[in-house]
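Biologist: I have a structure open and would like to talk through it before I go back to the bench. Could you put it up so that we are both looking at it?

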Amino acid sequence: MSKRLILIFFSLLSVLVSCQRDHLYYASSNTATVLVKPDWSALNSTPNGITVFAYNDADGSLYRRFPPVNALDKCYIKLPEGDFTLLVMNDTPEEFDGRIQFTGTENLSTIQAKGVKDEKRSTKFADHFIVEPDSLVVSLIKGVHISPEQIDYFYDKPSSDINEDSAIELDTKPKPAVSKVHIQAHVKGLKYARGTTSTYLRGVAGGRMMGAELNSTEAVSQAFILNNAKYDPGSDVNGTISADFLSFGLIGDGMGSDKYYLDINFVLINGDPYPLSIDVTDLISIEISLDLKLSLKLDLNIELPEVMGEEGGGFNTDITEWDEEFIEIPM
């Protein structure tokens, strides 16, 4: 082989070797990629979005509240080495403004979803009234451990610090943090009542301690309309009135010996008020299912006095605007 050919051969070889170089980029994000996978299948609908709070297990302090994502998108978050509890909720705390307020978010032991004070009614009565809460769905993912081996390292400059290929997948099933309440009253003499009936349920929980997964011990009242009147078959005198609404439910999820009262403010067709205050503590039945925290049902019997009123008087079975009448109830 001529010297010229040998020179060309070694020149080509040096070019090929130079192309097989080491990676020029090496870095660590000091965090691991975690994929939070909520399962909404047990619920009646899918929420608009997801918010994740990460709390340090060592002292319960908040590591970070992550930006919300669409509920149908993949929820990637980044966690450093350590042990965490994740609190997953639907939408964002700000989206519940006016219906639920979130306090104590800086620590898992203090984060609470609280009912918003109903200023209009709370100024009329000694009780603390709250407005009807919105549909809050929450889950806790406990024992999330991030080891040094799970930290993301990059040998080529990434377009994002999310490492989908090595993401730690966490499955969770969020559950409602509020109860559905159904109240039905069988009324003997329903025809002697008029208009909509303002009603108050007293003694229910004022909020939800989200980290402990228990209702608060603060007792509040909720106002609602007991309407939806239906006369019994074949009767134009007797019937039922009912209502459905959301509430945080029983104090401490019903583990104590708390009292619950129902105040029904009937107005008779002759214009006389007919207030009733009923101890319903032992009348509340509880149902638990996959898609509910609690379903509280209250079924009671009421009798109204027979009175004479204007022609055509009686309970209007149509849904009308709530004409509030505040009546002091003797205790």
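Modeller: What follows is a walk through some strands, cores, hollows and unusual backbone angles of this model, which is a predicted one.

Biologist: Let's start with the sheet that contains β8; in what order do its strands run, and is the pairing parallel or antiparallel?

Modeller: The sheet is an open one made of four strands in the order β8-β9-β17-β18, and the pairing is antiparallel. At the edges stand β8 (100-103) and β18 (214-215), and each has a single partner strand, so one side of each is left without a neighbour in the sheet.

Biologist: What holds strands of a sheet together in general?

Modeller: Strands of a sheet pair through backbone hydrogen bonds, and the pairing can be parallel or antiparallel.

Biologist: How many bridges join β8 to β9, and what stands opposite T103?

Modeller: Four bridges join β8 and β9, in the antiparallel sense, and T103 has Q112 of β9 opposite it. On its other side in the sheet order, β9 (residues 112-115) pairs with β17 (residues 207-209) over three bridges, again in the antiparallel sense, and there K114 stands opposite G207.

Biologist: And the two faces of β8, which residues are covered and which uncovered?

Modeller: I100 and F102 make up the covered face of β8, whereas Q101 and T103 make up the uncovered one. As a general point, side chains in a regular strand alternate between the two faces of the sheet.

Biologist: Changing topic, which residues have the most contacts inside the largest nonpolar core?

Modeller: That core has 49 residues, and those with the most contacts inside it are L87, L136, I183, L262, F266 and I302. Leaving aside neighbours within four places in sequence, I302 is in contact with A185, H186, V187, K188, I264, F266, L276 and I278. There is also a second, separate core of 23 residues, which includes L43, V52, A54 and F84.

Biologist: What about closed spaces, how many cavities of 30 Å³ or more does a search find?

Modeller: A search of the whole structure finds one, and the space in the largest cavity comes to about 40 Å³. Its lining consists of V181, I183, L201, I284, L296, K297 and L298, which divide into six nonpolar, no polar and one charged.

Biologist: Which strands supply that lining?

Modeller: β15 (179-188) and β24 (295-303) each supply at least two of the lining residues, and the largest share, three residues, comes from β24.

Biologist: Now the second largest pocket: how much space does it hold, and which residues lie nearest its centre?

Modeller: About 380 Å³ of space lies in the second largest pocket, which is lined by 20 residues, with L43, S45, S135, V137 and P176 nearest its centre. The lining residues of this pocket divide into eight nonpolar, seven polar and five charged.

Biologist: How do β21 and β22 pair, and how many residues lie between them?

Modeller: β21 (residues 261-267) and β22 (residues 273-279) pair in the antiparallel sense over seven bridges, with N265 standing opposite P275. The two strands form a hairpin with five residues between them, and G271 in the turn has a positive phi of about 95 degrees.

Biologist: And N270, what does it touch further along the sequence?

Modeller: N270 is found in the loop between β21 and β22, and, not counting residues up to four places away in sequence, it touches V307, M308 and G309. N270 and G309 are 39 residues apart in sequence, but their C-alpha atoms are 4.5 Å apart in space. With a relative accessible area of 35%, N270 is partly exposed.

Biologist: Back to phi, then: which sign do most residues other than glycine have?

Modeller: Most residues other than glycine have a negative phi. In this model E213, which is not a glycine, has a positive phi of about 55 degrees, and N228, also not a glycine, has a positive phi of about 50 degrees.

Biologist: Where do E213 and N228 sit?

Modeller: E213 lies in the loop between β17 and β18, while N228 has its place in strand β19 (residues 219-231). E213 counts as partly exposed because its relative accessibility is 39%, and N228 is partly exposed as well, with a relative accessible area of 38%.

Key:
Residues are numbered from 1 along each chain as its sequence is written. This is a predicted model: local features need pLDDT of at least 70, side-chain atom pairs count only at pLDDT 80 or more; totals for chains, interfaces and linings use all residues. Side-chain values use heavy atoms; hydrogens and water are left out. Two strands pair if DSSP finds at least two bridges between them. On a 1 Å grid over the protein atoms alone, a cavity is a set of points where a 1.4 Å probe fits but cannot get out, and a pocket is an open set with protein on both sides within 12 Å along at least five of seven lines; lining residues have an atom within 4 Å of a point. Grid points are joined across faces, edges and corners, and a volume is the space filled by probe spheres set on the points. Ala, Val, Leu, Ile, Met, Phe, Trp, Tyr, Cys and Pro count as nonpolar, Asp, Glu, Lys and Arg as charged, and the others, Gly among them, as polar. A nonpolar core is a set of buried Ala, Val, Leu, Ile, Met, Phe, Trp, Tyr and Cys residues joined through side-chain atoms within 4.5 Å. Buried means under 20% relative accessible area, exposed over 50%, partly exposed in between (1.4 Å probe, protein chains only). Contact means heavy atoms within 4.5 Å.
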